[in-house]
Each structure stands twice: as structure tokens, then as C-alpha cells.
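Reader: I have a structure open on my screen and I'm a bit lost. Could you walk me through it, one feature at a time?

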Amino acid sequence: MRDKDTVLASRRKTAERLLRGFRQVMVYLFGISGLINILALTGAFYMLQIYDRALTSGSVSTLVAISVLAVGLYVFQGLFDVLRSQVLIRLGARLDKRIAPLAHEVAIDMPRLGFSTSEALERGRDVDTVRGFLGSQGPIALFDLPWTPLFLAFIYMLHPMLGALTLGGAVVLAVLTIITELLTRRLAAGTHQATIARNRIADSNARNAEVLKAMGIGRRAVKRFLGANDEHLKLQTRTSDISGSFGAVSRGLRMILQSAVLGLGAWLTILGELSAGAIIAASVASARALAPIDLAIGNWKQVVSARTAFARLTETANVLAGLKAPLPLPAPRHSLKVENVTVAAPGSGHVLLSEAGFSLTGGQAVGIIGPSGGGKTTLVRAIVGIWPVLRGSVRLDDAELSQWDDEALGDHIGYLPQDVALLDGTIGENISRLRQDADPAEVVAAARAAGIHEMVVRMPEGYNTRLGPMGVSLSGGQRQRIGLARALFGKPFLVVLDEPNSNLDGEGEAALARAIADIKARGGIAVVVAHRPSALAAVDFVALVQNGRIAAFGPKDEILRNQLARPAATARPRASEPEERGRPAMSAAVAGGGS
């Protein structure tokens, strides 16, 4: 119980921090709403004066004066209403500006922790939901609700029975609002999860469009999407049915109540207890008193969505607030130490790598080899800090990666993943890692180190050539070499390359070997996952990773000699396959692909 209270207190503090400076705006909006609601009594007073004064006196001047005064008050009411609406819209934009960077920061981090892209992008949609709600009629209804007693008091002053009737109607509508809240709250979480599931499948289909088209899987993929979409629609329909049905009931009750007020007023007038003008005034005031409740019920779905979205954003900000900024450390210059690292797959928790360890000093390079699924990629993801380690540590100059600020650490690490994903921007922006103040000379130097300068300058716009999403306009080899240039930009101390030659031709492999030699020459460290033996040309050591462990580590020649000397049972063709003659046998540990 105490832990729960602590969590709730932490969330409250985070929410207060996110809404800092908004309280004064809310007080201002509450005051503006009070003026709007007071001015909303203009219609009731106008009807009262028209029927009880202007018509009985037969005075045209009185009618004109009352009408001019009413128009002036209506104009002021309209101006205040516009002002309130504009303040709410700008409040949403201000909140978006404050929260959106936090949400996007978490969205970038979530996929590496096992969440889908759709789940990550939900944080951005949460920001849009909150901002959109603040620009809708929902907040207006909530600001007007506290002023409902003002109209009830006015109607009560006309006649206590009319006041009691309107109050009873308000209570009934309030009960409907509570029922709507209770029913929609249960469905909100399920609808949100169904939306994520549907978007996850849609995102997966879009990312694999080429495979779906080439292999004729499109219709089956659409059918799979339709199943998730049907579940989403079912839950969303139920939620909309509840809010829509109760909204319709509330509107019907409000119309009945207005007629009841007119009927009761007429009866009281016949008895001589009420004037004709008071009948109309009571009808107008009762409609205005119940309008915010009716509007709140009609917009309750948006109210629930915005509240849930803000709660998730508060949790997000709460997590980020718990992270302490590390003390700035000097640039690493000496060593990389992988100390008994155990890594599990984010999301599933399945252990992929156990007790892996080795160390390198500046000027050295290691090649990582092993069969597919052995744990090579898992190891390099742990080395660069993409996947957190369960046990053990990765250290640069004896400092754990967690002691570094992400941006500061990124300046000292170059990383080329298996699947090279380029950013939507120019070639120069991709190589410079989106630096606004990047030195053009450093961009060109990184391109030359990767052997792509000549290729880039031959393009129509050179380094300003836009790549589009994911760099789809380039070949696999071109993307890989631009990714290599990005990894080499700024001459980072640690460069980790995961199967860097999988799409390279002979020229590209020669450039890769030169790049690794240059890293060593300037005192850096290179870690290379080898897809083909040619990537091992410039390394000093080799680590054999198989079955989730480092089975061997040592000088390159020694490890490769031992591997070639072993019976290559795992690489031998099956009996049903023709065995190639005259080709040197190579164990699966050396020839294996990525993990």
C-alpha cells in the first residue's frame, strides 16, 4: 500500500511539473467562463423584459433600448467565447511543445526494449489526443459545468417549483454522466490495446511491402489485418454506442425538461403565480443550465481518451524524471572491456548471451564469428548499449556505459547495424548524424574513409542529395557504405560493424579493410561481425560466438587455424546434396551468417 501511495505521489508531482504555469491559465479560463455564463443570462432577462415590460407598456423606445442592450451583451459574450476558445487552442499547443519531445524520446527508446513501433508511436498519438481535446468542445463543457448553479438560482428566483424541476433534471443528467464514465472506462483500455495491435500489423505489412508483393502474400496479410481491425472496431463501436446512446437520451431528456418547464410555467401563470415573461425566461435559463451536462455526455469519449492519454504521458515523464544526468566524463582513449555480460531479448526475456567477456586496448580490432543465431548481433548490441545487460558490464576506459550521457557516448561510438536504415534527409545529414553545425570537411573525411566520396559527388546534388524514407532510392551496397561513413564520422574511439560487407562488392570490401586499418592506426577500437572471411583481413583477434557463449577468443591466425583444422561436421552437405569438390572446407563457425 505504501509503495502504491509512493507511485501515486510521484505521478502527481510529475503531472504538476508538466502543468507548471498552466494553473494560472486555468484560473483565468474559469473566470472567463464565469463571465460567459453570466452573460448567457442575457436571453432570459431579455425575454422577461420584453413580455413583462415592453409588451405591457406598448413602448417602442423601451423595446429598442432593451434590444440594443441585449445585442451589446451578446457581442461581449461572443468575444469572451472566442477568447476562451483561442486560449484553449494555444494551451494545447503549449502543452504539446512541452511534452512532445519527451514522448518522442521515449518512442525512440521503446523498440530497443522489445516494444513494437506502433506501441512506441502511441506516445506521439497521446500528445495529439490531449492537444486535440483542448481544442474541442469537451473542455468548454467542463468549464461551464461549475456555473450551472447560477442558472438554477435564477430559475428558483422566478419560482421555487421551476427551480426544483430543473434541479431534478440536472441530477438525472449528472447520473447519466456518471454511468457513461463507468461504462466507457472499462472499455477504454481494451480499445487502446486493440488499436495498438491493429497498428502493429499495419506497420509490419508496410515495412515488408516488397516481400508481400513479390511472394503473393498481400491478400493473406490484409486478411490478418482485417481480423485485428474487426476486434478494434467491435470495441470502438461499443464505446461509441455507450457515449452516443447516453448522449441521445440526455438530449431527449433535456427537450422533455424544457417542455415540462414551459408546461409548469403556464400552469403557474394560470394560477397567477408567474408572469408570461417568466415562462420564456425560465425555459431559456433551464436549457442553458443543462447544456454543459448534455455537452459533457456527448463528448465523454474524448474526455476519457484525453485523460487516459495524459496519464500515459505522465508515466512517461515520470520515468524520464527518475533518470539522473550522469557526470560528464573525458573522452575514452584506452580500452573496451566486456565483463561477463549476460543479455536477454527485450520483451520475451529469453537469454541470448551468457557470461561473454573479452577486452581490447586502443589500436586493436576484433572479428566476431560464429553460426547464425549464436549470439553475435546480441553481443554487439550490448557493446554499444542498445540492449541492456542483465549481468556483467561493458566499460569504456573502465567506466560503464550507464555512466555516460547518451549523446556524449554517441560521439565516441560508431555503429553499423545489419539492416542499415538511413534517415529521411540528405546524404550529408545522414553522414553527419543530423548535426546542424557539422564541419563539411569532417563529412567529406568520413565519406573518403568509407570510400564513397567519388560515388556521392557523381550524384545530381552531391552531398545534398535527399534519400527519402529509409534511403529506398539507393542500392543495398550504397546504403551500407553510407552507413559505414556515418559510423566513421567524427573518428569515434569505438566502431562496431555488424556484417559490414554483406552487400559490398570487391571495391567496397577493400574500402572496408582500409577503414578498419585507419581506426587502428589512430588508436581506436574496431569490433567487426564477420559475414565473410574478407572482413577479417584487418583484425587482430577473433571471438567465436556460438550457443550464446564466447567459445574461443584469441589471435586471429590461431583461432581461424583451429577452426579450419576441426572437422566441419556442421558445414558438411547432407547425404542428399551433391558435395562440391576441390573447395577448401570451412566450418560453419567461420562461414555462418548473422545472429
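Author: Happy to. Keep in mind that this is a predicted model. Let's start at Asp 397, which sits in the loop between S4 and S5.

Reader: Okay, I've found that loop. What is the phi of Asp 397 near?

Author: First the general idea: most residues other than glycine have a negative phi. Now the case here: the phi of Asp 397 is near 50°, which is positive although the residue is not a glycine. Asp 397 is also partly exposed, with a relative accessible area of 23%.

Reader: Which residue in the loop between helix H15 (427-431) and H16 should I look at next?

Author: Go to Arg 433, which lies in that loop. Its phi is near 60°, again positive in a residue other than glycine. Arg 433 is partly exposed too, at a relative accessible area of 27%. For a glycine with a positive phi, look just after H19: Gly 523 has a value of about 90°.

Reader: Back to S4 and S5. How do I read strands that run next to one another?

Author: In general, strands of a sheet pair through backbone hydrogen bonds, either parallel or antiparallel. Strand S4 (residues 391-396) pairs with S5 in the antiparallel sense, over 2 bridges. One bridge to pick out is that of Leu 396, whose partner in S5 is Ala 399.

Reader: Which sheet has antiparallel pairing, and what is its order?

Author: An open sheet of 4 strands, in the order S2-S1-S4-S5. Its edges are strand S2 (351-361) and strand S5 (399-400), each pairing on one side only.

Reader: And which strands run parallel to S8?

Author: Look on either S3 or S7. S3 is joined to S8 by 4 bridges and runs parallel to it, with Ile 368 opposite Val 529 in S8. S7 and S8 are also parallel, joined by 5 bridges, and there Val 496 stands opposite Val 527.

Reader: Is S8 enclosed or open to the outside?

Author: 5 of the 5 residues of S8 are buried, so the strand is largely enclosed by the rest of the structure. Both faces are covered: Ile 525, Val 527 and Val 529 are buried on one side, and Ala 526 and Val 528 on the other.

Reader: Now a helix, please. How many residues does H19 have, and how far does it reach?

Author: Helix H19 (residues 506-521) has 16 residues and reaches 23 Å from its first C-alpha to its last, close to the 22 Å expected at 1.5 Å a residue. Its buried residues are Gly 508, Glu 509, Ala 511, Leu 512, Ala 515, Ile 516 and Ile 519. Seen down the helix axis, they fall within an arc of 160°, so they line one face of H19.

Reader: What does the face turned away from the buried side carry?

Author: That face has the exposed residues Gly 506, Glu 507 and Ala 521. The buried residues of H19, meanwhile, pack against several elements, including helix H16 (440-449), strand S7 (494-498) and strand S8 (525-529).

Reader: Which residues have the most contacts inside the largest nonpolar core?

Author: They are Ile 427, Ile 431, Ile 452, Ile 482, Leu 497 and Ile 516, in a core of 42 residues. Helix H18 (residues 476-488) gives the most to this core, with 5 residues. Another core lies apart from it, with 32 residues, among them Val 341, Leu 360, Ile 525 and Ala 543. To explore contacts yourself, try Ile 452: leaving aside neighbours within four places in sequence, it touches Ile 431, Ala 447, Arg 481, Ile 482 and Ala 485.

Reader: Last topic: aromatic rings. How do I describe two of them together?

Author: A pair of aromatic rings is described by the distance of the centres and the angle of the planes. There are 4 aromatic pairs here. In one of them, the rings of Phe 358 and Phe 553 have centres 5.4 Å apart and planes at 15°, so the pair is stacked. This pair links distant parts of the chain: Phe 358 is in strand S2 and Phe 553 in strand S10 (residues 549-555), 195 residues apart.

Reader: Is Phe 358 buried or exposed?

Author: Phe 358 is buried, at 7% relative accessible area, whereas Phe 553 counts as partly exposed at 32%. Together with Phe 541, these two form one aromatic cluster.

Notes: Residues numbered from 1 in each chain as written. Predicted model: local features only at pLDDT ≥ 70, side-chain atom pairs only at ≥ 80, totals over all residues. Heavy atoms only, no water. Core = buried A, V, L, I, M, F, W, Y, C linked by side-chain atoms within 4.5 Å. Buried < 20%, exposed > 50% of the residue type's maximum accessible area, 1.4 Å probe, protein only. Contact = heavy atoms within 4.5 Å. Pairing = 2+ DSSP bridges. Expected span 1.5 Å × (residues − 1). Arc of directions from axis to C-beta. Phe/Tyr/Trp six-rings, centres within 6.5 Å; stacked < 30°, edge-to-face > 60°.
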